[in-house]
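Colleague: I have some questions about this structure before I go back to the bench. Can you take me through them?

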Amino acid sequence: MIKKRKKVDYRVFIDIYFIITSLLFLIPFLIVVSASFTGEKELVTKGFSVIPSKIDFTAYKYAFSNSQEIIRAYIVTITQAFVGTFISVLVMALCAYPLSRKDFAYRKVISFLVFFTMLFNGGLVPTYLLNYKYLHLGNTMWIYILPTMCNAFHIIILRTFFQGLPISLVESAKIDGASELRIFFKLILPLSKPVLATVSLLTLLAKWNDWYTSLIYITDDKLYTLQFLLKRILNEAEFLRQMATEAPPGIDLTAIQNAPAESLKFAMCIIAAGPMLLIFPFFQKHFAKGMTVGAVKG
Amino acid sequence: MSDDITKKDKNMKMGNKRRSKRKFKNNMELLVLTLPAVIFYLIFMYTPMFGLVIAFKDYKAPKGILGSAWCGLKNFEFFFGSQDAFRISRNTVGFALLFIAINLITGIVVALLLYEVKSQRALKFYQTTMLLPRFLSWVIVGFITYTLLSPSMGILNKIIELFGGEGVDWYTQIKAWPFILVITNTWKVLGLNCIMYYAALMGVDKALYEAASIDGANRFKQILHVSLPSVKPLAIVLTLLAFGNIFRGDFGLFYIIPRDIGLLYPVTDVIDTYVYRGLRTGSLSTTAAVGLFQSIVGFVMIMSMNAIVRKVEPDSALY
């Protein structure tokens, strides 16, 4: 009896601990959400709060009525994220499959070529010179896709999964006269959906959240990603004023002069992070699994 | 006699050639599959390594990399002679060591606590909230820290004022920044870290706990003798990888969160932010020298850490 009560006690403390921790993780985010729904005047005079006293959509109305810049950034982000992820995962899987085959004679050489880059790299300056000066990838969409196409860590995750597939399948397909390419697309890929999902999600997330590439290589504001646009307005009141002056004629001028500079920043935050936050919690299982495989089998 | 040898040699060479030809033929299809990735690595990863020669040159843009004059170790001397060398090395390594220790301890402790939670729904909720920052870019985390630290509107100052204190301009307080950066980084990475350790704990055979409990081990002893040994391999690998990156700072964290404020450089400037500014100001040769220094130290670190692990725990070594 006593023992039972004691057991209940320490579980309660653990739950209390986790409820507090969860709040520490949620509240900062709620502040951003709340700021985006707060009227500009209230935000400037009263500061940030967890729950807005009155819900106000002005900032969102602004964001969407002056949306050219935002829509363009959205298109750039979506294009580079999805096309980039598709190409990346395809190329990495194509490489990981032969590396998983023990009978592949050049396995050691190519493994070394791939995994050595985890230990040593040229660093920012030579990479920048190559991409910008010699390959002329700056201010093009290719800069988002090509230089980050393969990630050795993800190749390890894929290779480890392929190694777990029964080799007898491959052998019998070969006896039937199937080519390696056919085996890869018709046999290996359909069996590897879980790991392809994991690696695709990891790649997609990294590409969606990419602001660094724009920072280094993009000066043309038509090719900014959402996150970089957001980074720029973190400090720039000018940008917002410019946005206000570009307002379409339907909006009256008094509202433009009182552009909701602060709350607009946070509305843009939600607009940029929203899609990933809505999608990703459903896939968190894949994340943990993929990272663990990569870390342990590295 | 000599004729004989050459003949034999020739035969052997022919044999080798034929064998390697056959080897090539048998493996050609698989080799073709790896080709896109191999070309990618040769162009985008290995070419820049040769580009590192500009660290030993006085790079002038119009002359290009090959045309610029050699200058020996001058770029390195310039960097190591400056005050920056010590400052950015100390910041980079100091933060990296703090992060290694904190991530190791918080990751394992929180995973052990998660293991005690029995309600599936609560477990899911806790994991999701802790993982939330992983899905946010540093830019958005930067907005969040701004809402907390902003001098006039920030939550932190509001709380201080609520208790009768005076608001602080956090973006000028050098001493506060090591704490701010450590807390922000922990907030961002804790979720994934503890879920990885949690996954390792889930892999433990439940019978081990039962056996320990029959042997009279209480919960604490079970953790000490069953749980901890089972997460040890993962802990070693993660720590090893982190040590390999000890000379690398997370650019997003150190660039975005302190908002690139020069006043804070003494505690927030790391090698990666320094290299970025070098690229922007156009001192490419010196900056490439710093980058090369960083890569070499990183390489030596990971090789030696791996050698140590291979001696102590051969199964956990990376290669």
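Modeller: Gladly. This is a predicted model. Start with the charged pairs: over all chains, the rule gives eight salt bridges.

Colleague: Which residue of chain A forms a salt bridge with R101(A), and where does that partner lie?

Modeller: The closest N and O atoms of this pair are 3.0 Å apart. R101(A) sits in the loop between α4 (68-100) and α5 (107-115) of chain A, and its partner is 79 residues away. The partner is E180(A), in helix α10 (residues 180-191) of chain A.

Colleague: Is R101(A) buried or exposed?

Modeller: Buried means under 20% relative accessible area. R101(A) has 2%, so R101(A) counts as buried.

Colleague: And K174(A), which meets E180(A) in a salt bridge: buried, partly exposed or exposed?

Modeller: The K174(A) and E180(A) side chains come to 3.4 Å, N to O. E180(A) is buried, at 5%. K174(A) has a relative accessible area of 38%, between the 20% and 50% cut-offs. That makes K174(A) partly exposed.

Colleague: Which residues are linked in a network of salt bridges?

Modeller: E180(A) pairs with R101(A) and also with K174(A). The network includes one further residue, D103(A). Its members are R101(A), D103(A), K174(A) and E180(A).

Colleague: Now the interface. How many salt bridges does the rule find across chain B and chain A?

Modeller: Side chains of opposite charge can pair when their charged atoms come close. Here E116(B) pairs with R11(A), with N and O atoms 3.2 Å apart. Across this interface the count is one.

Colleague: Which residue of chain B also meets E116(B) in a salt bridge?

Modeller: E116(B) is buried, at 4%. Its partner within chain B lies in helix α10 (residues 219-244), while E116(B) lies in helix α4 (residues 84-116), so the pair ties together parts 103 residues apart in sequence. The N to O distance is 2.7 Å. The partner is R219(B).

Colleague: How much area do chain B and chain A bury between them?

Modeller: The contact takes 92 residues from chain B and 96 residues from chain A. On the chain B side, L33(B), F135(B) and F143(B) lose the most area, together 9% of what that side buries. Carbon and sulfur atoms carry 77% of the buried area, and the total is about 8,500 Å².

Colleague: Which helix of chain A has the lowest mean pLDDT?

Modeller: Chain A has a mean pLDDT of 82. Over residues 252-257 of chain A, pLDDT stays under 50. The lowest mean among the elements of chain A is 45, in helix α15 (residues 253-257).

Technical notes: Residues are numbered from 1 along each chain as its sequence is written. Chains are lettered from A and ligands numbered from 1 in the order in which they are written. This is a predicted model: local features need pLDDT of at least 70, side-chain atom pairs count only at pLDDT 80 or more; totals for chains, interfaces and linings use all residues. Side-chain values use heavy atoms; hydrogens and water are left out. pLDDT is the predictor's confidence in each residue, from 0 to 100. Helices (H or I, at least four residues) and strands (E, at least two) are DSSP runs, numbered from the N terminus. Contact means heavy atoms within 4.5 Å. Buried area is the accessible area (1.4 Å probe) that two parts lose on being put together, summed over both. A salt bridge is a side-chain nitrogen of Lys or Arg within 4 Å of a carboxyl oxygen of Asp or Glu. Buried means under 20% relative accessible area, exposed over 50%, partly exposed in between (1.4 Å probe, protein chains only).
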